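Q: Please take a close look at the empty space in this structure, that is, its pockets and cavities. I would like one connected account that also covers the elements and residues around that space.

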Amino acid sequence: MAPTFYPADHGIVQPKGQAPLIQLQDPDLQARAQRLVNVLYWTANTYKDHDGMADSDTLKVFIVPEFYFRKASAEEVRRGGFVPGTSFGSYPEESRYALAEALYDAIHQSALFNDWTIVAGTICSALTPRPDGRLNLLNTAIMLRGRRPVMDDSVPYVLMEKHYISNIDGPDPHSHANLDPTTTYSFRLNPDQHLDNLIYWDGMSLGLEVCLDHCMQVVKNAVSVIRQSLGPDSINLDLQLVTSCGMSIVDQAVAVRDGALVMLTDGMSYAGNHFPEPIFQVGRYNARTGRVDVNDPDNFLFTELPGESSYQILQYAQGRYVELGRRQGVWVSNDRLPMFIV
């Protein structure tokens, strides 16, 4: 649980606990990456004796909110919003790969993350501007695998692009790289790229979405495409994950099998409602009702992160979030959740 909607200074971040030093070319991205790695190691150590953490038959799923990696200038931090006409907190496009490699190296070197799947939020990036000045923006989710007893031939991590820019995200939706027919991200050139939201590893099929993509039923539409081509029983998702900043689970967008889990984390905290703490949701799809039965938050344990910038985003909304006593930390289920309930 961390707020990510408003621009925030990256702060002074140092490696903490057992976390390795992260080295990236961009100081802002390095600080934010180091903070996340610190939080991951803190979480693994804080909950190391928790039910299921040491069990290789138990999948540990860790989800970070959308926009966790979004750059902010001093002016944007002061204004409390991104400056129109800029790249809206974006890093260079190649930063996505550098970040994914750094995060993967940090978790794969430690047995603490055996049997983990980590959705590391999203990173905002921009292609080199066109001569006409057009912005081509990307918002990329990163999902990583920790060590497994036996690694299959699947990729170690996934970079998955958000397909739709929300009006609340800041930039003009027409600035999305998918809408520029001259880019490799073009919907026109690659109309089936929404199939990228389906991931197969560890004998599981997973759907991954970013915020508005969930409301637009990107994963569900991808599943429908496969079923139309290969038959109604060709695919049944085992797990659906959503990283967001302003989204809740949408029943009509769920594409998992009956009794399977849907998990969402959110980074939305805004001035209009006095900076509420961001939400999370974990629920189970009920095919009979067509709804997700969301677990009671009382079934989850919350532990607050250490109150320093190496763990928390202290300057969110000019520090108002912290001043109001809003928390940042990790929610964990009190008990192990079965993958399916029939």
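**Empty space and its surroundings**

A: Helix 1 is a suitable starting point: of its 20 residues, 16 are buried, and the helix is therefore described as mostly covered. The model is a predicted one, and every value below is computed from it. Helix 1 covers residues 27-46, and at 1.5 Å a residue its expected span is 28 Å; the C-alpha atoms at its two ends are 28 Å apart, so expectation and model agree. The N-terminal end of helix 1 is capped by Asp 26, which places a side-chain oxygen 2.8 Å from the backbone nitrogen of Asp 28.

Helix 1 also belongs to the surroundings of the largest pocket, whose volume is about 940 Å³. This pocket is lined by 46 residues, and those closest to its centre are Val 61, Phe 62, Trp 331, Val 332 and Ser 333. Two or more lining residues come from each of helix 1, strand 1 (60-63), strand 9 (256-266), strand 10 (280-286) and strand 13 (329-333). Strand 13 supplies the largest share of this lining, with five residues. By class, the lining of the largest pocket consists of 32 nonpolar, nine polar and five charged residues.

The second largest pocket has a volume of about 200 Å³. Its lining is made up of Ser 56, Asp 57, Thr 58, Leu 59, Asp 115, Arg 148, Pro 149, Val 150, Asp 202 and Met 204. Sorted by class, these residues give four nonpolar, two polar and four charged.

Next come the cavities. Rolling a probe the size of a water molecule over the atoms shows where empty space is left. Searching the whole structure turns up three cavities of 30 Å³ or more. The largest cavity holds about 110 Å³ of space. Among its 13 lining residues, Cys 124, Leu 138, Asn 139, Ile 165 and Pro 171 lie nearest the centre. Strand 4 makes the greatest contribution to this lining, three residues. The classes in the lining of the largest cavity are seven nonpolar, three polar and three charged.

Asn 139, one of the residues nearest the centre of the largest cavity, is part of strand 4, which runs over residues 137-145. Asn 139 counts as buried because its relative accessibility is 7%, and the cut-off for buried is under 20%. Its side chain is joined to that of Thr 122 by a polar contact of 2.7 Å. Beyond its neighbours within four places in sequence, Asn 139 is in contact with Glu 66, Phe 67, Thr 122, Ile 123, Cys 124, Met 160, Glu 161, Lys 162 and Val 210.

One residue on that contact list, Phe 67, leads to the next cavity. The second largest cavity has a volume of about 90 Å³. It is lined by 14 residues, and the closest to its centre are Thr 4, Tyr 6, Ala 8, Arg 32 and Phe 67. By class, this lining has eleven nonpolar, one polar and two charged residues. Phe 67 therefore appears both among the contacts of Asn 139 and among the residues closest to the centre of the second largest cavity, which counts as a cavity because a 1.4 Å probe fits there but cannot get out.

Phe 67 sits in the loop between strand 1 and helix 2 (74-79). With a relative accessibility of 4%, Phe 67 counts as buried. Its phi is positive, about 70 degrees, although Phe 67 is not a glycine. Cys 211 is another residue other than glycine with a positive phi, here near 45 degrees. Cys 211 is found in the loop between strand 7 (204-210) and helix 4 (212-215), and its relative accessible area of 3% makes it buried.

Tyr 200 can be set beside these buried residues. It is located in strand 6 (residues 198-201) and, at 44% relative accessibility, counts as partly exposed. Tyr 200 and Val 155 are 45 residues apart along the chain, and their C-alpha atoms are separated by 9.1 Å. Apart from neighbours within four places in sequence, the contacts of Tyr 200 are Ser 154, Ser 205, Ile 226 and Ile 235.

Key. Residues are numbered from 1 along each chain as its sequence is written. This is a predicted model: local features need pLDDT of at least 70, side-chain atom pairs count only at pLDDT 80 or more; totals for chains, interfaces and linings use all residues. Side-chain values use heavy atoms; hydrogens and water are left out. Helices (H or I, at least four residues) and strands (E, at least two) are DSSP runs, numbered from the N terminus. The expected span of a helix is 1.5 Å times one less than its number of residues. Buried means under 20% relative accessible area, exposed over 50%, partly exposed in between (1.4 Å probe, protein chains only). A polar contact is a pair of N or O atoms within 3.5 Å; within protein, one must be able to donate a hydrogen and the other to accept it, and residues adjacent in sequence count only if both atoms are side-chain atoms. On a 1 Å grid over the protein atoms alone, a cavity is a set of points where a 1.4 Å probe fits but cannot get out, and a pocket is an open set with protein on both sides within 12 Å along at least five of seven lines; lining residues have an atom within 4 Å of a point. Grid points are joined across faces, edges and corners, and a volume is the space filled by probe spheres set on the points. Ala, Val, Leu, Ile, Met, Phe, Trp, Tyr, Cys and Pro count as nonpolar, Asp, Glu, Lys and Arg as charged, and the others, Gly among them, as polar. Contact means heavy atoms within 4.5 Å.
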